[in-house]
There are 2 protein chains.
Amino acid sequence: MTQNDLINKDDTLDGAKRKHDLIVVASLLEKLPNLGGLTRTCEVFGASAMTIHDLRMIENFEYQTLAVTAQYWLPIVQVERWNLIQYLKEMRSKHYQIIGLEQTTNSLPLNEFVFHPDKKTILIIGKERSGIPPEIINFVDICVEIPQFGVIRSLNAHVSASITIWEYVKQMNKNVQKS
Amino acid sequence: MTQNDLINKDDTLDGAKRKHDLIVVASLLEKLPNLGGLTRTCEVFGASAMTIHDLRMIENFEYQTLAVTAQYWLPIVQVERWNLIQYLKEMRSKHYQIIGLEQTTNSLPLNEFVFHPDKKTILIIGKERSGIPPEIINFVDICVEIPQFGVIRSLNAHVSASITIWEYVKQMNKNVQKS
């Protein structure tokens with residue numbers, strides 16, 4: 001497995017900036033604007049890292065336009081698609097809860113879902129059209145989905161990921177404030 | 001004021017599809033991908049309408065690529081930027097609460113904000129770089145902002161709008177279930 005911490009300037013950050021124990025697995029995403037935008041969202045919400053299928057994608061202008069330099073501040077790890085299951089196995093052994101963002105018959109609605117407050121979290125985002133492949137769905141601990149009310153079948157992948165990350169961050173900070 | 005309901009096929013919708021009393025004012029947005037994407041988000045979450053500065057924008061290919069046909073299902077109203085205050089005055093007289101999504105010294109954090117359950121809501125999204133201009137900030141009932149943890153100053157406009165719409169929809173459906 002190739003896993004390179006591309007850039008990690010955490011040491012230069014203000015100590016007050018909070019990092020969350022959340023890794024966003026974006027290796028299935030294919031569109032550069034979604035990947036660039038999601039990098040920005042992950043950085044803004046203090047995710048600890050994001051995975052990507054091919055690190056060369058972040059050299060693309062289209063990616064960089066949407067990432068607005070977030071790629072310099074967020075650790076980005078290369079995890080190829082063929083290697084995702086192995087990566088998830090390793091992360092599970094490191095006590096991560098593995099959550100898939102996908103509409104399935106068993107998915108829990110995000111508005112009712114409670115992230116485990118004491119576990120580190122992996123959030124897997126599906127491919128833009130086909131979502132999360134079955135072999136990975138079978139591997140996750142749980143799937144969550146965002147209830148929808150329209151004619152259009154689903155939200156943009158980056159948007160649905162951002163809403164889910166927001167829910168996670170909100171719950172974690174509530175827990176932090178309480179403890 | 002020019003206000004054209006462009007396309008409203010609500011009559012053809014399944015009655016079970018819920019519409020919310022939420023109008024998203026996107027007239028300040030300038031980038032076609034943000035406008036197209038936000039149209040999709042508004043449609044998926046059952047907003048009642050979206051405003052746009054110039055209806056001709058929705059004929060653009062870049063807009064349509066992101067809207068994925070949502071423009072056929074969501075009422076889109078033209079409200080020009082120079083006419084926004086007048087539009088907001090009219091909507092206030094129709095008992096809308098007017099909420100700006102903007103980082104200001106008086107903004108309430110979204111995670112603590114409670115949308116008024118019995119009022120119709122206008123949500124104003126700012127320009128991509130400069131946000132909501134002062135004359136409109138002075139006119140809103142309240143500003144909300146999304147707490148952020150990163151080095152990057154702010155989320156993408158479409159993403160922050162989507163997170164706020166999600167919070168609104170979640171709260172409204174909780175109220176509906178309770179009542």
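This is a conversation between a student and a tutor about a predicted model of two protein chains, A and B.

Student: Where should I begin with chain A, and how many helices and strands are there?

Tutor: Chain A has five helices and seven strands. Along the sequence they come in the order β-α-β-α-β-α-β-β-β-α-β-α. Of its 179 residues, 55% count as buried. Among contacts in chain A with a separation of 6 or more, 84% join residues 24 or more positions apart.

Student: Why is B:Asn173 called buried?

Tutor: Its relative accessibility is 10%, and the word buried applies under 20%. The value falls under that limit, so B:Asn173 counts as buried. This residue sits in helix α5 of chain B.

Student: What makes the link between B:Asn173 and B:Val169 a polar contact?

Tutor: The side chain of B:Asn173 comes to 2.7 Å from the backbone oxygen of B:Val169. The limit for a polar contact is 3.5 Å, so the distance of 2.7 Å is within it.

Student: Now the two chains together. How do you know which residues form the interface?

Tutor: Contact means heavy atoms within 4.5 Å. By that rule, 35 residues of chain B touch 35 residues of chain A. The two chains bury about 3,100 Å² between them, with 70% of it on carbon and sulfur atoms. In chain B, the residues that lose the most area to chain A are B:Phe149, B:Ile152 and B:Trp166, together 25% of what that side buries.

Student: What makes A:Glu167 and B:Lys170 a salt bridge?

Tutor: Their closest N and O atoms are 2.3 Å apart. A salt bridge needs a Lys or Arg side-chain nitrogen within 4 Å of a carboxyl oxygen of Asp or Glu, so this pair qualifies. Across the interface the rule finds two salt bridges, and there are also 16 residue pairs in polar contact.

Student: Which elements of chain B supply its side of the interface?

Tutor: Helices α1 (32–44) and α5 (157–178) each supply at least two residues. Helix α5 of chain B gives the most, with nine. That side of chain B divides into 17 nonpolar, 12 polar and six charged residues.

Student: Which residues have the most contacts inside the largest nonpolar core?

Tutor: They are A:Leu38, A:Phe45, B:Leu38 and B:Phe45, in a core of 84 residues. Leaving aside neighbours within four places in sequence, B:Leu38 is in contact with residues including B:Val24, B:Met50, B:Ile125 and B:Ile165. In soluble globular proteins, nonpolar side chains tend to be buried together.

Terms used
Residues numbered from 1 in each chain as written. Chains lettered and ligands numbered in written order. Predicted model: local features only at pLDDT ≥ 70, side-chain atom pairs only at ≥ 80, totals over all residues. Heavy atoms only, no water. Buried area = accessible area lost by both parts, 1.4 Å probe. Polar contact = N/O pair within 3.5 Å; in protein donor to acceptor, adjacent residues only side chain to side chain. Helix = DSSP H or I, 4+ residues; strand = E, 2+ residues; numbered from the N terminus. Nonpolar A, V, L, I, M, F, W, Y, C, P; charged D, E, K, R; others polar. Core = buried A, V, L, I, M, F, W, Y, C linked by side-chain atoms within 4.5 Å. Buried < 20%, exposed > 50% of the residue type's maximum accessible area, 1.4 Å probe, protein only.
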